[in-house]
Amino acid sequence: MIRKTTISLAGACMLFMLLTASAPRLDAAQKFDRGMDHREAPVFMPKGYLMFGGTVSYRDFNFYDYTFLILNDINVDAYTLSVAPNIYYSFAKNMAVGVKFSYKRTLASIGETNLSLSDDLSFGISDFYALQHTYYGSLSYRYYIPIGKSKVFGIFSDISLNFGAGQGKSLNGRGDNLTGVYQNILDIGIDVIPGIAVFVTNEMCVEASVGILGMEWKRITQTTNQVYEGRYETSKANFKLNLLSINIGVNFVLPVLKDKTAVPKK
């Protein structure tokens, strides 16, 4: 028994030595590269360029005698308008920082809407009017990625820190039954907005973007009938894709500093 054990250990040692000698050394192994080195990415936005332009977004809602679930005879007119001029500077290849100033206006008017919970229980809403407008200032960082090696088509990701303030008012009823609420709004948030950019000329770029990730904190102080005061705060974080809120914009690209990188060409 002792002799068989000795032979087995000797064979195991010889096998281990053979495998070790035939295995490649760690320093000779090649490093796995996913090809995601941004320093070697093709140039889509050269360094030293000034971009200025803006985006516009508009949504309109109109319901006339419309019925949905427990809501009957819905009569609503509403729209949301957003205008956002911006200016960016490309401090490095495919990287830019900038500021944005935006204005958002929301208007809703409800003529008459009935809420029916059962045959014996129903409520009605009529003569309701609400208006809200907010001004925003944003600090933004943007990174461009060309599609393939194209200098015309590319995608980008925009990260913005937003500060907003505005006012709102709502009116309900008519005549002696009229009530009104006035609001002061403070809004702070962070948005991540991806998009696609297309150079139609050397100096003009058309963009389409949509928000997918955001965090927001909002505080609203209100006064009802110029007598009663109140306040509430809300905070939220969302990750969603809303195809109905696509922003279309145009940026003009002009060189400010000389750079060895050529201007994007069609």
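**Exercise 1. The charge over two rings**

Task: In this predicted model, the charged end of Arg142 sits over the ring of Phe156; state how far it is from the ring centre, and find which other ring Arg142 lies over.

Solution. Start with Phe156: the charged end of Arg142 is 4.2 Å from the centre of this ring. Next, look at Tyr88. Arg142 lies over the face of Tyr88 as well, at 4.6 Å from the ring centre. Then turn to the rings themselves. Phe156 belongs to a cluster joined by ring pairs, together with Phe44, Tyr144 and Phe199. In the whole protein, the count of aromatic pairs is six.

**Exercise 2. The overall layout**

Task: Describe the order of helices and strands, and say how much of the protein is buried.

Solution. Count the elements: there are one helix and ten strands. Along the sequence, the helix is followed by the strands, in the pattern α-β-β-β-β-β-β-β-β-β-β. Now take the burial: 25% of the 266 residues count as buried. The accessible surface is about 18,100 Å², and carbon and sulfur atoms supply 63% of that area. Finally, consider the contacts with a separation of 6 or more: residues 24 or more positions apart account for 66% of them.

**Exercise 3. The largest nonpolar core**

Task: Name the residues of the largest nonpolar core that touch the most other members, and the elements that give two or more residues to this core.

Solution. The core holds 13 residues, and those touching the most other members are Phe44, Met45, Met51, Tyr144, Ala197, Phe199 and Val253. The elements giving two or more residues to this core are β1 (49-68) and β6 (179-199). As background, nonpolar side chains tend to be buried together in soluble globular proteins. Take Ala197 as one of the members to inspect. Beyond its neighbours within four places in sequence, Ala197 has contacts that include Phe44, Tyr144 and Phe156. Phe44, Tyr144 and Phe156 also appear in the ring cluster of the first exercise.

**Exercise 4. Asn251 and its partners**

Task: Decide whether Asn251 is buried or exposed, and find the polar contacts of its side chain with Glu207 and Gly53.

Solution. Place the residue first: Asn251 is in strand β10, which covers residues 247-255. Its relative accessibility is 1%, and the cut-off for buried is under 20%, so Asn251 counts as buried. Now list the polar contacts. The side chain of Asn251 meets the side chain of Glu207 at 2.9 Å. A polar atom of the Asn251 side chain also lies 3.3 Å from the backbone nitrogen of Gly53. Past its neighbours within four places in sequence, Asn251 is in contact with several residues, among them Phe52, Asn86, Met204 and Arg142. Arg142 is the residue treated in the first exercise, with its charged end over Phe156.

**Exercise 5. Thr234 and Asn94**

Task: Work out whether Thr234 is buried, partly exposed or exposed, then do the burial step for Asn94 and give its phi.

Solution. Thr234 lies in strand β9 (residues 228-239). With 40% relative accessibility, Thr234 falls between the 20% and 50% limits and therefore counts as partly exposed. Setting aside neighbours within four places in sequence, Thr234 is in contact with Glu216, Trp217 and Lys218. Lys218 is 16 residues away along the chain, yet its C-alpha atom is 5.3 Å from that of Thr234.

Asn94 lies in the loop between β2 (71-92) and β3 (95-116). Its relative accessibility is 0%, so Asn94 counts as buried. The phi of Asn94 is near 65°, a positive value. Most residues other than glycine have a negative phi.

How values were computed
Residues numbered from 1 in each chain as written. Predicted model: local features only at pLDDT ≥ 70, side-chain atom pairs only at ≥ 80, totals over all residues. Heavy atoms only, no water. Helix = DSSP H or I, 4+ residues; strand = E, 2+ residues; numbered from the N terminus. Buried < 20%, exposed > 50% of the residue type's maximum accessible area, 1.4 Å probe, protein only. Contact = heavy atoms within 4.5 Å. Areas by Shrake-Rupley, 256 points an atom, 1.4 Å probe, with all protein chains shown as cover. Phe/Tyr/Trp six-rings, centres within 6.5 Å; stacked < 30°, edge-to-face > 60°. Lys NZ or Arg CZ within 6 Å of the ring centre and 35° of its normal. Polar contact = N/O pair within 3.5 Å; in protein donor to acceptor, adjacent residues only side chain to side chain. Core = buried A, V, L, I, M, F, W, Y, C linked by side-chain atoms within 4.5 Å.
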